[in-house]
Amino acid sequence: MTEPATEFPPPKILTLSPAHKPILITQGAEGRLYKTPSPFQPDQFCALKYRPPKPYRHPILDARLTKARISSEAKVLDRCYREGVPVPAVLAKDAAAGWMMIEWIEGEPVRVGINKWLGERPEDDAVVDHSQEDETPLIDLMKRIGVAVGALHRTGVVHGDLTTSNMMLRPWADDRLPNGHGDKAEKAKAVAGDVVVIDFGLAMQSQSDEDRAVDLYVLERAFASTHPRAERLFHHILDSYRGAFKKAPGVLHKLEDVRMRGRKRSMLG
């Protein structure tokens with residue numbers, strides 16, 4: 001007989017308004033993300049990140065770890081937001097209770113936008129000819145990603161898990177959207193919007209070129225695995241990163257070392 005799935009109760013903050021039931025967006029090994037009406041502006045939504053107690057850990061140790069991790073993530077987000085990095089604003093937190101309430105970012109993950117642009121995967125033996133395709137909207141998105149990562153590193157923060165799933169495309173106003181109709185216009189709209197970096201659960205404050213280079217390498221490998229047909233355009237991210245961050249030359253030099261180590265690990269298995 002199959003055991004029923006364990007149902008963890010939401011934090012008390014989400015039970016204060018019985019008229020509005022929170023929506024569980026995602027659940028990972030360490031926490032849960034809910035979408036819920038904002039207690040500050042009822043006509044808007046916010047995101048609540050909750051780290052429930054871990055029954056396999058000693059209660060005192062678990063409480064300390066949870067408090068430290070929530071506090072650390074909130075501190076990093078606050079620093080980034082104050083410095084103008086495109087991240088969600090922290091609205092409230094209770095580190096001891098294991099939750100943090102942040103701004104809800106409307107839109108879709110960058111991963112979804114890029115995959116909409118790329119469209120159907122070609123046959124395995126097909127050679128895709130990009131010479132006649134206007135890739136300007138996609139290249140512009142790559143540049144915006146580079147600027148966002150450059151702003152992040154300029155602030156002295158390393159994300160720790162840079163992927164296109166951890167970046168959102170916040171929609172532009174209608175007057176900024178591409179004009180026209182048809183497939184080309186729809187493709188362009190798929191990659192339109194401001195890039196907002198999310199999910200700072202593994203982030204840390206660091207001024208190390210090595211740490212920054214690893215951040216870029218993780219993003220590069222994410223493109224290779226998630227968007228292999230867009231990997232050839234990754235250099236636009238690095239070019240834009242170089243323009244947004246004055247210490248980028250040292251980071252990009254270190255990136256070559258990180259790539260070399262990655263290739264060696266792949267060869268050795």
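The paragraphs below go through two sheets and the helices that pack with them in this predicted model.

Start with the five-stranded sheet. Its strands lie in the order β1-β2-β3-β5-β4, the sheet is open, and the pairing is antiparallel. At the edges are β1 (23–27) and β4 (90–94), each of which pairs on one side only. From one strand to the next, the twist averages 20°.

Within this sheet, β2 (residues 32–37) and β3 (residues 45–50) run antiparallel and are joined by six bridges. To find the register of this pair, look at T36, whose bridge partner in β3 is C46. The sheet also carries a helix: α1 (residues 59–82) packs on it and touches β3, β4 and β5 (99–103). The direction of α1 makes about 20° with that of β5.

The other sheet has three strands. It too is described as open, with the order β6-β8-β9 and antiparallel pairing. β6 (108–109) and β9 (194–197) each have a single partner strand, so one side of each is left without a neighbour in the sheet. Strand β8 (residues 167–170) pairs with β9 in the antiparallel sense, over four bridges. L169 can serve as a marker here, since its bridge partner in β9 is V195.

Helix α3 links this sheet to the next part of the picture. On the sheet side, α3 lies across β8 and β9 and runs at about 40° to β9. α3 also meets another helix, α6. Two packed helices are described by the angle between their axes and the distance between the axes. For α3 (residues 136–154) and α6 (residues 234–244), the axes come within 7 Å and cross at roughly 40°. This angle makes α3 oblique to α6. The crossing of α3 past α6 is right-handed.

Which residues of α3 and α6 make the contact? From α3 come I139, M142, K143, I145, G146, V147, V149, G150, H153 and R154. From α6 come F234, H236, I237, S240, Y241 and A244. By residue class, the contact of α3 with α6 divides into nine nonpolar, five polar and two charged residues.

To trace these parts in the structure, begin at the β2 and β3 pair, with T36 and C46 as bridge partners, and move to α1, which packs on that sheet. Then go to the β8 and β9 pair, with L169 and V195 as bridge partners. From there, follow α3, which lies across β8 and β9, to its right-handed crossing with α6.

Methods: Residues numbered from 1 in each chain as written. Predicted model: local features only at pLDDT ≥ 70, side-chain atom pairs only at ≥ 80, totals over all residues. Heavy atoms only, no water. Axes fitted to C-alpha atoms, helices over the stretch in contact; angles between N-to-C directions. Helix = DSSP H or I, 4+ residues; strand = E, 2+ residues; numbered from the N terminus. Parallel < 35°, antiparallel > 145°, perpendicular 65-115°, else oblique. Left-handed = near helix turned anticlockwise from the far one by under 90°. Contact = heavy atoms within 4.5 Å. Nonpolar A, V, L, I, M, F, W, Y, C, P; charged D, E, K, R; others polar. Pairing = 2+ DSSP bridges.
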